[in-house]
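Got your viewer open? Here is a short tour, with a suggestion at each stop for what to select next.

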2 protein chains.
Amino acid sequence: MEFDIAMTDELLATTRAVRKRLDLDRPVPRAVITECLNLAVQAPTGSNSQTWRWVIVEDADKKQALADLYRQAASTYLEAAGEAAAERGDDQTNRVMGSALYLAEHLQEVPVHVIPCLEGRPPADTPPAMMAGFYGSIFPAVWSFQLALRARGLGSALTTLHLVHEKEASALLGIPDDVLQVALLPVGYTRGTDFKRAERPPVENIVHWNQW
Amino acid sequence: MEFDIAMTDELLATTRAVRKRLDLDRPVPRAVITECLNLAVQAPTGSNSQTWRWVIVEDADKKQALADLYRQAASTYLEAAGEAAAERGDDQTNRVMGSALYLAEHLQEVPVHVIPCLEGRPPADTPPAMMAGFYGSIFPAVWSFQLALRARGLGSALTTLHLVHEKEASALLGIPDDVLQVALLPVGYTRGTDFKRAERPPVENIVHWNQW
């Protein structure tokens with residue numbers, strides 16, 4: 001297949017973190033989630049380990065409990081981060097924090113929570129070389145999942161704040177002790193699909209050719 | 001823009017780790033790398049931190065030195081992993097390891113090495129919640145970069161083995177101590193573009209609805 005680069009670029013550039021524009025009233029069929037997961041697991045893993053697991057939460061009580069855990073971790077942090085950003089004149093980050101606070105308030109209303117996990121929990125003294133291989137074996141799949149959603153008119157956001165209370169979340173969902181949660185993605189259809197590229201500083205600022 | 005789902009699915013499903021089919025003779029223009037990086041940095045980061053840096057190595061001597069470091073870490077590991085996979089009848093992983101050994105032998109010949117980095121090095125006792133936020137702020141961008149390459153007829157592979165000798169690699173490239181390398185991607189045009197989906201077990205095996 002020849003790729004239409006304008007289209008694939010649009011996918012990569014406009015899959016934004018969607019928080020305020022998730023449609024809280026439109027149900028998400030399981031078939032759509034499964035379709036996107038089938039694409040996600042085509043992503044690479046270190047040594048072809050494929051040790052991913054995906055917990056999908058639709059149950060209202062469990063979403064409420066997850067949202068409560070999320071808010072416990074989020075509220076103080078997000079407000080402080082937003083204020084700090086505003087003080088240093090970083091309006092984009094301040095907006096992001098406002099949007100994240102909105103999401104925290106409404107998390108239980110989002111149709112589906114997706115929690116990607118890895119089997120095996122790296123010990124605290126794991127060297128960075130192995131840590132990169134470990135997390136590098138799940139976040140490409142997570143991002144593929146989000147890109148696949150975007151192509152279908154759905155949105156999500158990569159959040160990690162509930163992990164502060166990972167133990168409680170694992171107890172709630174029956175996740176075994178040796179399985180590590182790595183994120184929580186609220187998933188829903190988006191209200192409209194006209195997402196734009198984010199403003200970014202020129203890549204020249206962050207690229208080093210042959211020498212730092 | 002309406003997405004052509006068949007096309008975007010093809011991109012997500014057929015961006016394979018390319019090791020044996022990298023064209024070692026065809027140069028990669030800087031403009032292509034920059035184009036793909038401009039897409040990569042549209043990916044999300046925790047708290048909108050955008051603390052990524054990208055070191056791009058084209059210099060023959062430096063690629064040789066990186067390949068030597070890579071081989072020091074790789075050769076024993078890859079052979080053992082391949083044999084273990086063959087013994088348990090996992091032919092796919094055995095093939096992957098054979099392909100990885102091929103790459104290790106030819107790494108210095110690959111036109112470009114791309115090393116994504118993060119500013120700030122998490123201390124060893126960083127809790128998993130923060131570790132996920134940290135690595136989750138670079139691997140989506142890395143994967144976007146690889147997807148953008150694929151759409152343009154180039155290939156890459158996400159490797160982490162040289163990180164065993166990260167310190168030596170940082171010295172070679174002048175990367176500051178507080179900057180963490182997270183991977184090394186060999187990048188080149190691919191010989192042919194007819195990559196297929198990988199065989200994967202049914203996702204039903206690894207998905208849990210509402211309860212593990």
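**Where the two chains meet**

Start by selecting strand β6 (residues 207-209) of chain A together with strand β1 (residues 52-57) of chain B: the two run parallel and are joined by 3 bridges. Keep in mind as you look around that this is a predicted model. Zoom in on H208(A), and you will find V55(B) of β1(B) standing opposite.

Next, widen the selection to the whole contact between the chains, to which chain A gives 76 residues and chain B gives 76 residues. Which element of chain A supplies the largest share of the side that touches chain B? Colour helix α1 (residues 5-14) of chain A, since 8 residues of that side come from there. Then try colouring the chain A side by class: you should see 47 nonpolar, 17 polar and 12 charged residues.

Now superpose the copies. A turn of 180° with a shift of 0.0 Å along the axis lays chain A on chain B with an RMSD of 0.0 Å. The two copies are thus related as by a two-fold rotation axis. Go back to the interface selection and compare its two sides: the copies meet through the same surface, because 100% of the interface residues of chain A are also interface residues in chain B.

For the last stop, select Y135(A) and Y135(B). Within the largest nonpolar core, which has 138 residues, these two touch the most other members. Centre the view on Y135(B) and show what surrounds it: leaving out residues up to four places away in sequence, Y135(B) touches A132(A), Y135(A) and F139(A) from chain A, and V182(B) from chain B.

Technical notes
Residues are numbered from 1 along each chain as its sequence is written. Chains are lettered from A and ligands numbered from 1 in the order in which they are written. This is a predicted model: local features need pLDDT of at least 70, side-chain atom pairs count only at pLDDT 80 or more; totals for chains, interfaces and linings use all residues. Two residues are in contact if their C-beta atoms, placed from the backbone, lie within 7 Å. Helices (H or I, at least four residues) and strands (E, at least two) are DSSP runs, numbered from the N terminus. Ala, Val, Leu, Ile, Met, Phe, Trp, Tyr, Cys and Pro count as nonpolar, Asp, Glu, Lys and Arg as charged, and the others, Gly among them, as polar. Two strands pair if DSSP finds at least two bridges between them. Copies are superposed by least squares on the C-alpha atoms of residues with pLDDT of at least 70 in both. A nonpolar core is a set of buried Ala, Val, Leu, Ile, Met, Phe, Trp, Tyr and Cys residues joined through C-beta atoms within 7 Å. A residue is buried if 20 or more other C-beta atoms lie within 10 Å of its own, exposed if 12 or fewer, and partly exposed in between; C-beta atoms are placed from the backbone.
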